[in-house]
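Here are my notebook entries from a look through this one. Pull up the viewer and follow along.

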Amino acid sequence: MNSQMEEAPVQESRLLSLIQAKSGPLTQELSLTEGNFGLGKVPTKAQPDFATKMVCGFCSTGCSLTVHMKEGRAVGLTPSSDYPVNLGMACPKGWEALRVLEAPDRASQPLLRRSKTSPLLPCDLDTAMTVMTSRFKAILQEHGDEAVAFLSTGQITSEEMAFLGALTKFGMGLVHGDGNTRQCMATSVAAYKQSFGFDAPPYTYADFELSDVLIFAGSNLAIAHPILWERVLRNPNSPRTIVIDPRKTETAMAATDHVALAPKSDLQLFYSIAQVLVRMGWIDREFIDNHTEGFDDFAAFLADYSPEQTAGFTGIKAETVIELAKTIHQGKRVSFWWTMGVNQGHEATRTAQAIINLALMTGNIGKPGTGANSITGQCNAMGSRLFSNTTNLLGGHDFLNPEHRAKVAAALGIEVERVKARNSLAYHEILDRIREGKIKGLWVIATNTAHSWIDQRALLETFSKLDFLVVQDMYHSTETARLADLVLPAAAWGEKEGTFINSERRIGLVKKVSLAPGQALSDFNLFKLVAEYWGCGHLFRAWKTPEAVFQILKETTRNLPCDITGIRDYQMLDLMNGIQWPYTQKDSQAGPPTIERRLFADRRFYHVDGRARILFEKPRRPGEVPDSEFPYWLLTGRGTAAQWHTQTRTGKSEVLNKLSPQSLYVEINPVNARELGIPPGARVRVLSRRGSVIARAQLSHAIAPGQIFLPMHYAETNRLTFSEFDPYSKQPSYKACAVRVEPLAAS
Amino acid sequence: MMSPGSRSLELPLAGRQPAGNSPATPGPFAWLVEDLLWEQRDLTAVERFASLHDQGKVPSQSRYYQDLIPLSKPQAGQQYAFEVDLDSCTGCKACVTACHSLNGLDDRETWRDVGLLVGGTMEQPVVQHVTTACHHCLEPECLHGCPVKAYEKDPVTGIVKHLDDQCIGCQYCVFKCPYDVPKYNKRLGIVRKCDMCHGRLASGEAPACVQACPNRAIKIRVVDKRQVVEDCESNRFVAGAPEPQFTLPSTNYVGKKALPRNLLPADFYQVKPQPAHAPLAVMLVLTQLSVGALATGEFLGSAVGLAPGGLAWLISHWLAFAAALAGIATSVLHLGRPLYAFRAFLGLRKSWMSREIVLFAGFLVSLAVLNGLLVRLPAAEANPFVHFLIMASIFLGAAGLICGIMIYHDTPRPFWAFPRSGFKFLLTTAILGPAGLLLAQVLAAPLMSGADFPTYLQADGRKLLWLILAFTSLKVVYEVSFLRHRWDRTHNPLRKSAQLMTGPLLKVFSARVVFGLMGGVALPLLLLIDGWNARSHGALQASSLLFPFSFCLLLAGELLERLLFFMAVTPPKMPGLGGEA
């Protein structure tokens, strides 16, 4: 029934309505109807007959979206009102999640390049599989088992990641494979592993609402994770919110305090804060003594990092640092949060650990509203950390540990010899090997390396050295797919089943609510096909459905910190609104999981001695700093909440496109713009030692003089970035390099 | 397909073709491919999960928005209004997508926008997002301008509703609204806009944007209209927004943070050509030609040797009719729903658009009857009724023309203010009128015995040439002199227009000037000089061809001027995004 009762036409004659029509077919276009299922009013044309919840497929926040189904197909969605993560809200990407599935450039059939010089032409799946397996086999035969590698993603389900990891390493016998999670989360993984003994973000989202002091380092939460910023705003304690970021980001703007430090001086700043805490005795001695290791060395090390000493480097006055330390000291529940500003740095792991140290020293961990908390990037970066079988052996194990190998082999029902005691190369090392001609074949799954990788020109050169490049993606138009020798058409989020793990370790369900185009298959089934064509299908007879694999994965986590053996099945995940790890079989006997759980309430960390490690290292300069030739720092980061990474998906929604500038812009301080003779809105050229881009100047005091900012969503940006990697996490340092800016003649 | 010398694929399976567009012999697992494709097409798996429950009448989302919407309906002197807390808006734009989804809008259609303001100082930089939709004004100019009464201001809620089925797609409301609110929908041929989700509000649900804002930055409040008027008197709305006195917008932007004076929209320095509205440009120029030819013939006819009843006289009236008909017919193409154009009389009381349409309709009818009589009646020039019709046509046409000026004057666009639009429209009339008469003479000449066009040009025609020359010079100088605004101290709308004409629209502008100077100055001058020179009458001899050419250039020049009139205007708007959004 049309609900707009008040608009029902009063008996008007036909003639009258010809002259003055208050209703009719055009009005009906926008009519609303009771949506049922507690949805409120929805457009009449999309009235659902079934409604089901599933986790969003963009970022790691892991919001739940209620998908409106009509006659078996998704016709709309709304954020789920009662999901503990997003509490009825979603960012624009989530709202448009179904729309981007309909794009005309969806990969709907395999595309094959018959020779390096010929175009990509359609072929059938049978041909594609035959060619792919034979080409890879030929390369392996000729060049050995290290000559074919894969680059995976944080965007597919855990079950798919596990399938890919197991297929490549245990079935095909590959050694090297890494994920694009290297670009976003590797630092947190390395930092947590070393500090806590396991890769374990300790928090739950409720902590945003329970703190009285929240410190955000290198995190533009309001834009990158808008729904988590919602949680901050729901905090009833009128908390101090302190943003540490060189740029006045949207989050810095909304926070109570902004500490605008010099680029790449974060490690020094955190050490100076620690120095003040120690000097003033604002530390939790009892906690340090009983639950940590290495504090005394750290305290001694800090002698050289008084705020007075670091001020020249960080640009932050000693009083500000002391005030900051005092705020931490006075806070009853202090939480520390970081994102890419920390993770993507040349000394990122130590920086993340400097933050962890602050939480440990002040006892701000394991209690409500506290923690040293990394906010992840991609929807299933956390799943990748456990189940991608790249850096870690399946389930969060160690390839070099014979017991772990035996355990995983047993859980999978395969011979233990298939689990090689060899660690994979990291992303950039794989690329190095390609450049050296040692890796000849590459399989890229659901990531857009040709856009996202640092120092793009070098990357493109590297890719041109490959003998055979397979790209498996939902779009055939990505910068990377266009370089491929073979494109495999993948079904997308919403067209398949599986689970994601979000930043607070909550495992959520993805359901199949929409039809994939043409011959596109779920990544899961593409892996199944590859296994059969490769000849190792027998290893995966039990891997019938994603849910069957979920049961296997559960088993691999047994007795680990991430033990999820208590989760019965998908139905339980659905009913419980997602379940955070750990949830052991024993836990499940005690009852259903509570909604919000954090780690370390028992103050026991995962090192054998139960103590957390306090780790530190002398800060060093980044590999490239501004000089007379390239006098500006280039900062990069998220542009708007409407854009996601390389825009392969968000670029497909006309509405999202309206919400962000359609071509590259550069933020530059008005003072610098004046010096350079750049009027507002003018086109400028930005050059680094590696390349140049043209962008429109956006003058803003939000960016400090001597720095410029480019959003990362435009393919050009990475022409400028500088290849440097954190030595522990091997994560690229996207956030700083040296550039020059030149005005262009009037356009 | 295969390029010689390139690396070809070696396939291990005997008998298999290399990649091709058609499958050869199926591989050993072709059955599995089929199975998996079949499985992919099956969407029933989701049904094993329970559907959400129907939780009765109260939407589950209501717990978040209950306190964001009013408990009671507005009383007399009150209405609903948006309230936006600027401190809470971080620019996530969920409101835009939620509005888009929950209202079932078309792909590119958005009723809400989020803009960006930047400013502050080095020590205290400010980045402020502004979410904006329809302001449900106290004086909705969209409503006042609508020729077909397709807008209503709800007497109780104050919501400005658009009646989609009443709309004829003239888009005048788009010109009228200072906030860029009504959005034209090409598919439907109508304008649509935010209705504050009145259907939702009526049943106790919050509008889509209010429901969806993670930061609770958008609320619906009951406001006192008197207060809105007072607030608008202060001439402040929100930084970077057009002045509020024109329409009295009801939205209230609040926030605790003091915003600095230098806040500017991120798109402040961007200039973008606007739609050309070619049918409107054609209509304006041709109706002005028509009125000009009629009036010049009637009032100057005897001075320029236009004998009433003569063939040239007759042709000038046919020409006026043809131009009016062509212009008005073309203008119909501008409408999204031309079939309903007859509704245009409804807005006579307030809408200049409505008045123009009605007057031009009368103009056209009057001209049609007139020309009918001219053809049928012998010695029609002496018939008093014919004379009455001529005067009536001139009156209706001139009145329509003035309404046309008022249409554009009555928008918040200074480029279209009366002096500018009026000057252009009247001079077009003054240029094309004499030119039309001369054209009538050219057309008449071959059919008349004893008179030829070169002779006419040497005698009475000179006066018309002088008129064309003088008015065209004046108009081109005026238009070129407008470019001085490029050096205005403030970045005002006129400066932006000048920037457009010297930037992205430079080619159009140059062509306009060249055409004007050629057709209205150089060629008439050539003909005049030639007339002085008694020995060689080269140009004059060719004038029967030369003048029509000159006329075409003039007409094209005026058309280009009118396209620029639309393309170079800078409409006011709420703050937008940076870059080339």
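**Entry: a helix pair in chain B**

I started with α9 (residues 278-300) and α13 (residues 418-444) of chain B, in what is a predicted model. Their axes lie 7 Å apart and the helices pack at an angle of about 60°. An angle under 65 degrees but not under 35 falls in neither the perpendicular nor the parallel class, so I noted α9(B) and α13(B) as oblique to each other. For handedness, I found that α9(B) crosses α13(B) in the right-handed sense.

Next I asked which residues of α9(B) meet α13(B). On the α9(B) side I listed L284(B), V285(B), Q288(B), L289(B), V291(B), G292(B), A293(B), A295(B), T296(B) and G297(B). Their counterparts in α13(B) include F425(B), T428(B), L432(B), G433(B), P434(B) and L437(B). Sorted by class, this contact has 11 nonpolar and 8 polar residues, with no charged ones.

**Entry: where the chains touch**

I then turned to the contact between the two chains. Chain A puts in 104 residues and chain B 88. On the chain B side, the elements giving two or more residues are α1 (30-41), α3 (94-102), β2 (113-120), β3 (125-132) and α6 (198-202). Which of them gives the most? I found that α1(B) does, with 8 residues. The chain B side splits into 43 nonpolar, 29 polar and 16 charged residues, whereas I had counted no charged residues between α9(B) and α13(B).

**Entry: a sheet in chain A**

Over in chain A, I traced an open sheet of 7 strands with mixed pairing. The order I wrote down is β7-β6-β18-β17-β16-β8-β9. Which strands stand at the edges? They are β7 (120-122) and β9 (176-179) of chain A; each has a single partner strand, so one side of each lacks a neighbour in the sheet. Ignoring direction, I get an average turn of 20° between neighbouring strands.

I zoomed in on one pairing here. Strand β6 (residues 111-113) of chain A runs antiparallel to β18 (residues 486-489) of chain A, and 2 bridges join them. In this pairing L112(A) sits opposite L486(A) of β18(A).

**Entry: chain A as a whole**

Last, I stepped back. I tallied 28 helices and 28 strands in chain A. Its C-alpha trace spans about 80 × 75 × 65 Å along the principal axes. How does the radius of gyration of chain A stand against a compact globule? A compact globule of 747 residues would come near 27 Å, and chain A has 26 Å, so the two agree.

Note on methods
Residues numbered from 1 in each chain as written. Chains lettered and ligands numbered in written order. Predicted model: local features only at pLDDT ≥ 70, side-chain atom pairs only at ≥ 80, totals over all residues. Contact = placed C-beta atoms within 7 Å. Helix = DSSP H or I, 4+ residues; strand = E, 2+ residues; numbered from the N terminus. Nonpolar A, V, L, I, M, F, W, Y, C, P; charged D, E, K, R; others polar. Axes fitted to C-alpha atoms, helices over the stretch in contact; angles between N-to-C directions. Parallel < 35°, antiparallel > 145°, perpendicular 65-115°, else oblique. Left-handed = near helix turned anticlockwise from the far one by under 90°. Pairing = 2+ DSSP bridges. Rg over C-alpha atoms; globule rule 2.2 N^0.38 Å.
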